[in-house]
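Reader: Hello! Could you take me on a close look at the nonpolar core of this protein, and then show me how that part sits within the whole?

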Amino acid sequence: MTSSALVPTQTSDPGDRIAEVNRNTAETRIHVRINLDGRGVSNLRTGIGFFDHMLDQVARHGMLDLDVHCEGDLHIDGHHTVEDVGIALGQALALAVGDKKGLRRYGHAYVPLDEALSRVVIDLSGRPGLFFHIPFTSAMIGQFDTQLACEFFQGFANHAQATLHVDNLKGINAHHQAETAFKAFGRALRQAVERDARMAGIMPSTKGVL
């Protein structure tokens, strides 16, 4: 658990879709910077090599510029690091999209990698929810506990205020299962945050607010 007494600092650049979050707790110290209109460039240092590899997939396939630096209590395990990065990334995304006017709002992607195939669907709905199904065939990928993939997406969905469906439809190799899910997440996110010229200045909801 994180310390509720330690409140993250958050900043965004007016007029640009760039946001930064600093989240410091007794378990992790995290800096995240996201540019929604980037070129897929990443600078990642979480201390978990495979997790960095997955975040790199999100940046590259989401065409997001993404900086993530985390000093976590890896002497315990990777849980706090992975979950808290998901939280901070969700907070940064929420800041970067602003009031959501003119956005496509919805995004989806199917991504294959050899025998594996995953589908991710996202709605920047303002209603957090994760629906996650990846039947991993291995408990560990390098130093990454595969149970933590769900924790990452849960932290993101909760703090981005997004509804997120993550499904691995088939796969034998756990690395492939994870990679297709993170790539599909990047592609779906890229679609959801795109500006739609026909929706310029319009809230993509009949409620008038998201």
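Author: Happily; here is a walk through the core, followed by the protein around it. Please keep in mind that this is a predicted model.

Let's start inside. The largest nonpolar core has 57 residues, and the members that touch the most others are Ile34, Leu93, Ile122, Phe152, Leu164 and Phe185. Helix H4, which covers residues 174–192, gives this core its largest share, with nine residues.

Phe152 is a nice place to pause. If you set aside its neighbours within four places in sequence, Phe152 is in contact with Phe51, Leu55, Val82, Val85, Gly86, Leu89, Phe182 and Phe185. One of these partners, Phe185, is itself listed with Phe152 among the core residues that touch the most other members.

Now let's step back to the whole protein. Its secondary structure comprises four helices and eleven strands. The radius of gyration is 16 Å, close to the 17 Å that the globule rule gives for 210 residues, so the protein is as compact as a globular protein of that length. Its C-alpha trace spans about 45 × 40 × 30 Å along the principal axes.

Contacts across the sequence are part of the picture too: among those between residues at least 6 apart, 74% join residues at least 24 apart. Of the 210 residues, 50% count as buried.

Finally, the outside. The protein exposes about 9700 Å², and carbon and sulfur atoms supply 50% of that area. As for charge, there are 20 positive and 24 negative side chains, with the centres of the two sets 10 Å apart.

Definitions and conventions:
Residues numbered from 1 in each chain as written. Predicted model: local features only at pLDDT ≥ 70, side-chain atom pairs only at ≥ 80, totals over all residues. Heavy atoms only, no water. Core = buried A, V, L, I, M, F, W, Y, C linked by side-chain atoms within 4.5 Å. Buried < 20%, exposed > 50% of the residue type's maximum accessible area, 1.4 Å probe, protein only. Helix = DSSP H or I, 4+ residues; strand = E, 2+ residues; numbered from the N terminus. Contact = heavy atoms within 4.5 Å. Rg over C-alpha atoms; globule rule 2.2 N^0.38 Å. Areas by Shrake-Rupley, 256 points an atom, 1.4 Å probe, with all protein chains shown as cover. Lys, Arg positive; Asp, Glu negative; His and termini not counted. Charge placed at Lys NZ, Arg CZ, Asp CG, Glu CD.
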